[in-house]
Amino acid sequence: VSDLVKKYSREQITVWATDSERKMLLCRAENPHMAHAFTARRILWLLLMFYSGLLPFVPIRESCLETFLPSIINRLLMKKWLFKHLTDRGIQVYFWVLNEEVDYRRAFEYGATGVMTDFPNRLRAFLDQTQPLAS
């Protein structure tokens with residue numbers, strides 16, 4: 001994967017993502033120039049830093065947070081001010097896999113940078129309706 005990313009100059013738009021800390025270390029060693037997402041362990045660290053009030057004072061090495069919308073852990077993660085803090089620090093916030101308009105709306109209301117979907121045409125129609133391009 002890393003060779004293809006390098007060959008086609010896609011390092012700026014490709015993200016290493018895995019829930020395994022060990023696999024992430026291998027990916028980062030293979031190509032440290034690619035952005036990388038929080039692993040499961042680092043999401044727990046993020047929550048600890050957030051709820052302890054220390055998050056503004058610690059460095060964050062990840063480039064994006066990728067998570068799915070409905071889950072128990074997301075009840076802790078689904079905080080607009082957390083997503084605002086992350087995006088203010090340049091960290092992208094993505095939700096996956098969202099396929100319904102109600103989920104798109106909810107994700108963007110929470111401050112998501114983007115969503116991943118199985119139905120890109122459906123998402124495009126939603127975005128065209130809710131976020132028309134400035135003329």
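In which sense do S3 and S4 pair, and over how many bridges? The legends below describe close-up views of a predicted model, beginning with this strand pair.

**View 1. The pairing of strands S3 and S4.** S3 and S4 run in the parallel sense and are joined over five bridges. Across this pairing, Glu66 stands opposite Tyr94 in S4. In general, the strands of a sheet are held together through backbone hydrogen bonds, in either a parallel or an antiparallel arrangement.

**View 2. The open sheet S3-S4-S5.** Three strands make up this open sheet, in the order S3-S4-S5 and with parallel pairing. Strand S3 (64-68) and strand S5 (114-115) are the edge strands, each of which pairs on one side only.

**View 3. The aromatic pair of Phe83 and Phe95.** A pair of aromatic rings is described by the distance of the centres and the angle of the planes. The count for the model comes to five aromatic pairs. One of them joins Phe83 and Phe95, with 5.7 Å centre to centre and 80° between the planes. The pair is edge-to-face because its angle of 80° falls in the class of planes over 60 degrees apart. Distant parts of the chain are linked by this contact: Phe83 belongs to helix H5 (residues 80-88) and Phe95 to strand S4 (residues 92-96), 12 residues apart. Phe83 has 0% relative accessibility and therefore counts as buried. Phe95 is likewise buried, its relative accessible area being 0%.

**View 4. The aromatic cluster of Phe50, Tyr51 and Trp81.** These residues, Phe50, Tyr51 and Trp81, form one aromatic cluster.

**View 5. Arginine side chains over aromatic rings.** Arg42 lies over the face of Trp45, at 4.0 Å from the ring centre. In a second example, the charged end of Arg122 is placed over the ring of Phe119, 4.1 Å from its centre.

**View 6. The whole protein chain, as context for the close-ups.** Seven helices and five strands are present in the protein chain, and their succession along the sequence reads α-β-α-β-α-β-α-α-β-α-β-α. The radius of gyration is 16 Å, close to the 14 Å given by the globule rule for 135 residues, so the protein chain is as compact as a globular protein of that length. Its C-alpha atoms fill a box of roughly 45 × 40 × 30 Å along the principal axes. Of the 135 residues, 34% are buried. The protein chain exposes about 8700 Å², of which carbon and sulfur atoms supply 57%. Among contacts with a separation of 6 or more, 43% involve residues 24 or more positions apart.

Key. Residues numbered from 1 in each chain as written. Predicted model: local features only at pLDDT ≥ 70, side-chain atom pairs only at ≥ 80, totals over all residues. Heavy atoms only, no water. Phe/Tyr/Trp six-rings, centres within 6.5 Å; stacked < 30°, edge-to-face > 60°. Helix = DSSP H or I, 4+ residues; strand = E, 2+ residues; numbered from the N terminus. Buried < 20%, exposed > 50% of the residue type's maximum accessible area, 1.4 Å probe, protein only. Lys NZ or Arg CZ within 6 Å of the ring centre and 35° of its normal. Rg over C-alpha atoms; globule rule 2.2 N^0.38 Å. Contact = heavy atoms within 4.5 Å. Areas by Shrake-Rupley, 256 points an atom, 1.4 Å probe, with all protein chains shown as cover. Pairing = 2+ DSSP bridges.
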